[in-house]
Amino acid sequence: MADILEGFQCSRLSNPIFSKESRIPLLKNSNFLEFSGSLSWKPSPLKTSTAKLNSSNGLRKMGIEVFSPSASLPNTSVELLDAWDDEYDGVIIDPESLPSCANAFASSLRASLFHWKLKGKKGIWLKIHLRQTDLVPIAIQEGFDYHHAEPGYVMLTHWIADELCTLPASPSHQIGIGGFVINEKGEVLVVKEKCPCSCSGVWKLPTGYINKSEDIFSGSVREVKEETGVDTMFLKMVAFRHAHLVAFEKSDLLFVCMLRPLSSKITIDEKEIQAAKWMPLQEFSEQPFYKEDHLSKRVIDICIATYENRYSGFTPRHLTSKLDGKMSYLYYANEYNDII
């Protein structure tokens, strides 16, 4: 054959992504789907380059048979994507076995969705690593939507059931801590932030965000150390604040923790903190800002009550849950130990 195919970008199929009108009968006991009759091909807007076929017949190049839009395909098989069932009548696609070729992925994804739909599956989870982000537009075209992203990957979902979607939403909260550190002299460790926020110029408690898979008590010790250089020991959690539409329109949980200082020398993180010092408790609580901010004033009052042993707060207990067999921390008041 003298036919010429231009625009190859992968070793197996031509570069343009085609949209196929699927009429795909399932093969029983097989991981392949067989196409019968002719397929209608049309260029997808996802790719700008084109492939040209100068004949209505198929041609072979490097051992791969490629067909023109009008070619009849009596026995063309498409392999289904590797996947496993989740706990909610859905499917999790194996991210490690996705085809490297965009056209192969498009064909397998469409065939797999058709197969899972017939099997009564509901939600489809598709994790795509950074090295294969060229597959994301293909998945979006097939009905997937963004769920969440982390460094190195993006998670997409597709609800294919004919009923209300019950997939869990993307993570909606961020977790922060505030460290109330008071020494034997009754001085509180305070900082001034560099950011131009509403509390700019105010002496406040060291605050920061919890890292991934980090416990609240260890995160509070770490944040105080990073901002001020002071070593501390976690004593108890005294309060938490729940707010909405904060950073990136997410909800925010801020846990206020009482810590005991193990050192006194201050070394600030100049990238985040303008200044830090030990301030007498009364001077700290009587700043004009806190007299006008009822929430912050209440937090300080609770911290003072805890310091004076008028309030117990919550301490962590390491317990095992039968739900997942894992150890985790439950925070509760010490008074509970006296009644069990």
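Colleague: Why is Glu 223 called buried in this predicted model?

Modeller: Its relative accessibility is 8%, and buried means under 20%, so Glu 223 counts as buried. Glu 223 lies in helix H3, residues 216-228. Leaving aside neighbours within four places in sequence, Glu 223 is in contact with Ile 177, Thr 207, Gly 208 and Tyr 209.

Colleague: What makes the pair Glu 223 and Arg 222 a polar contact?

Modeller: Their side chains are joined at 3.2 Å, and the cut-off is within 3.5 Å. Residues adjacent in sequence count only if both atoms are side-chain atoms, and here the contact is between side chains.

Colleague: Now the cysteines. How do you know that Cys 303 is in no disulfide?

Modeller: The count for the model comes to 0 disulfides. For Cys 303, the nearest cysteine sulfur is that of Cys 257, 9.4 Å away, whereas a disulfide needs sulfur atoms within 2.5 Å.

Colleague: And why is Cys 303 buried or exposed?

Modeller: Buried: its relative accessibility is 1%, and the limit is under 20%. Cys 165 has a relative accessible area of 40%; that lies between 20% and 50%, so Cys 165 is partly exposed.

Colleague: On to the sheet. Why do strands S7 and S10 stand at the edges?

Modeller: The open sheet has 5 strands in the order S7-S8-S9-S11-S10, with mixed pairing. S7 (83-85) and S10 (145-150) each have a single partner strand, so one side of each is left without a neighbour in the sheet.

Colleague: What makes S8 and S9 a pair?

Modeller: Pairing takes at least two bridges, and 2 bridges join S8 (residues 91-93) to S9 (residues 123-129), which run parallel. Ile 92 stands opposite Trp 125 in S9.

Key:
Residues numbered from 1 in each chain as written. Predicted model: local features only at pLDDT ≥ 70, side-chain atom pairs only at ≥ 80, totals over all residues. Heavy atoms only, no water. Helix = DSSP H or I, 4+ residues; strand = E, 2+ residues; numbered from the N terminus. Buried < 20%, exposed > 50% of the residue type's maximum accessible area, 1.4 Å probe, protein only. Polar contact = N/O pair within 3.5 Å; in protein donor to acceptor, adjacent residues only side chain to side chain. Contact = heavy atoms within 4.5 Å.
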